[in-house]
Every structure is written in structure tokens, then in C-alpha cells.
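Biologist: I would like a close look at a single part of this model, with the surroundings described only as far as they help to place that part.

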Amino acid sequence: MRNEEETAVVVQGLTAGYARRAALRDLTARFPRARVTAVVGPNGSGKSTLLGVLAGVVRPMSGSVERASTRRPGFVAQRSAVSDNLPITVREVVQMGRWAHRGPWRRLSERDRSVVDDRMARLGVLDLASRRLGALSGGQRQRALIAQGLAQEPDLLLLDEPATGLDLEARRCVSEVLDGAKAHGVTVVHATHDLAAAKRADHCLLLKEGRLVAEGPPGAVLAPEALAHIWGPAQSEW
Ligand SMILES: Nc1ncnc2c1ncn2[C@@H]1O[C@H](COP(=O)(O)OP(=O)(O)OP(=O)(O)O)[C@@H](O)[C@H]1O
């Protein structure tokens, strides 16, 4: 990043976790505005916790998170965090994204409806609009949840493993959607185990055991020697 102007979020000395156990320790990092940042690391390294802090659902134990904007971030949680049994349709799920603007259960305006339809179309779930979320395949459900995040029209979009379990075409669709959001000025941060997707990002954070190991351009952060350091030599060919 070249200067402060281009930074959407600054995290300094962040320690955060659950009960008294820290899952992230003394993390300092920046998230460039209108760019895609990939957060990479092994299971349990603190990726979801970091997204939770940025989303405002996990409170820091110490350190700070500074964000220029006061708009509520869009947060697409890990699919496993969303109940399969919710008796709501895909359209209702995506409409919930408009609550940030309308408040819950308010009547939707014409514009709300058109944003909802547009986001469902972009994620290829418009023809599933009246199906119940719980009756969808994992990949279809994931696309509905991403459509919900986009329907919020956030300036900061946080996604926890958005491409996990998706087929090739759906992954391509998600990747295009995230690039489209970025082109509209949205700061995108996603946690991923897909190193190819991480390499397409503009900026990358590599975590291990709750600590930041490296930050910068994905090509440098995900260099074979860094990956070998984290996962062992077998993964260093990515
Ligand atoms: N709700 C919770 N309550 C207690 N501990 C938690 C909770 N969520 C995560 N943890 C712990 O915090 C640590 C970091 O977990 P986190 O989910 O942030 O990692 P992650 O990098 O996203 O992992 P994964 O790749 O498996 O999704 C782990 O040790 C985990 O057990």
C-alpha cells in the first residue's frame, strides 16, 4: 500500500479470542481500500476470529481496530455457522441483507427489491428464490449467503471461506462477484484455504497459531518457503 489514504482498516496490537483464551495475539495489519485481501493459515490459526473482530461480533481483548467508514460491514459467515433448519426462502435470506438500510421486517422499497433480484442473479440463485434455504445443496446455500452480504451494499465485505465446497463454475462466479464488488469500491476481506484464490487477491495476510507470519502481495507472502514454514515441504509447491 502506498499511503494512508488507501487504507480502509488498520488493526494494531490486536489480541482477541473467546472467554479468556486468545485466538489472535498482538496482530498488526492493514486492509487496503477497494482491494481484495486474502487471509490464509492452517485450521485454528485465527482467520475466522479476525473476520469476527472486523465484523464487530468478536470484541478485542486489547489493541485497536480503526476504520474510516461507520457503515456496517457485510459479513458472510462460514456456511457451517448457519443453521440448515431455518424455515426461510432464498429470497428472504437475501432480503435480510437490506435490513441494514430498512431495519428488520420493514416493507421493502422498489430499490430494495431490485438490489435483491440483482444480487440473486449475480450469484445464479434467482431461479431458487422461492426454495427453502435448508432444502438447497451446500454450494447453492453458500451462494445465497454471499448474495445476502452483497445485498447489504457494504463498503467492507467480509467472507469466511466463501468458496469452500463450491464446484469450479461456482468458484469462478464467486471470484467474479468479488472482483465486481472491488471495482465498485468495496473493500473485500476473505478467509480462504484455496491458495489459488489467495494468489489472485491484491493483498494477503498469513496467520499461524494466532500470529501474523507475513503480510503483503500474495506472490511474496505465499512464496514456497513461507508455505513450507507453515505447512511443511509438501505444500510448498502451490
Ligand atoms: N466460539 C468459539 N469459542 C471458543 N473458542 C473458539 C471459538 N471459535 C474459535 N475458537 C478457537 O479459536 C482458535 C482460532 O479459531 P478460528 O476459527 O479463528 O481459526 P480459523 O483459522 O478460522 O480456522 P479454520 O480454518 O478451521 O476455519 C481455535 O483454537 C478455536 O478452537
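In which order do the strands of the open sheet of 3 strands lie, and is their pairing parallel or antiparallel?

Modeller: This is a predicted model, and its protein chain averages a pLDDT of 90, with 93% of the residues scoring at least 70; the model scores are ipTM 0.90 and pTM 0.91. The open sheet of 3 strands has the order E2-E1-E4, and its pairing is antiparallel. Its edges are formed by strand E2 (21–32) and strand E4 (60–67), each of which pairs on one side only, and from one strand to the next the twist averages 10 degrees. Strand E1 (residues 7–18) runs antiparallel to E2 and is joined to E2 by 8 bridges; Gly 17 has Ala 22 in E2 as its bridge partner.

Helix H1 lies across E1, E2 and E4, and runs at about 120 degrees to E1. The same helix, H1 (residues 47–55), leads on to the ligand, since the largest share of the shell around the ligand, 3 residues, comes from H1. The residues around the ligand are Tyr 18, Ala 23, Gly 41, Asn 43, Gly 44, Ser 45, Gly 46, Lys 47, Ser 48, Thr 49 and Ala 191, and by class this shell divides into 3 nonpolar, 7 polar and 1 charged.

One member of that shell, Ala 191, also provides a link to the other sheet, where Val 39 stands opposite Ala 191 in E7. Here strand E3 (residues 36–40) and strand E7 (residues 187–191) pair in the parallel sense over 4 bridges, within an open sheet of 6 strands whose order is E5-E6-E7-E3-E8-E9 and whose pairing is mixed. The edge strands of this sheet are E5 (74–76) and E9 (211–216), each pairing on one side only, and neighbouring strands are turned by 15 degrees against each other on average, direction ignored.

To complete the surroundings, helix H5 (residues 138–151) packs with helix H6 (residues 168–183) at an angle of about 5 degrees, their axes lying 11 Å apart. Because angles under 35 degrees count as roughly parallel, H5 is roughly parallel to H6. In this contact Gly 139, Arg 143, Ile 146 and Leu 150 of H5 meet Ala 170, Val 174, Val 177 and Ala 181 of H6, and by class the contact has 6 nonpolar, 1 polar and 1 charged residues.

Conventions: Residues numbered from 1 in each chain as written. Predicted model: local features only at pLDDT ≥ 70, side-chain atom pairs only at ≥ 80, totals over all residues. Pairing = 2+ DSSP bridges. Helix = DSSP H or I, 4+ residues; strand = E, 2+ residues; numbered from the N terminus. Axes fitted to C-alpha atoms, helices over the stretch in contact; angles between N-to-C directions. Parallel < 35°, antiparallel > 145°, perpendicular 65-115°, else oblique. Contact = placed C-beta atoms within 7 Å. Nonpolar A, V, L, I, M, F, W, Y, C, P; charged D, E, K, R; others polar. Near = placed C-beta within 6 Å. pLDDT = per-residue confidence, 0-100.
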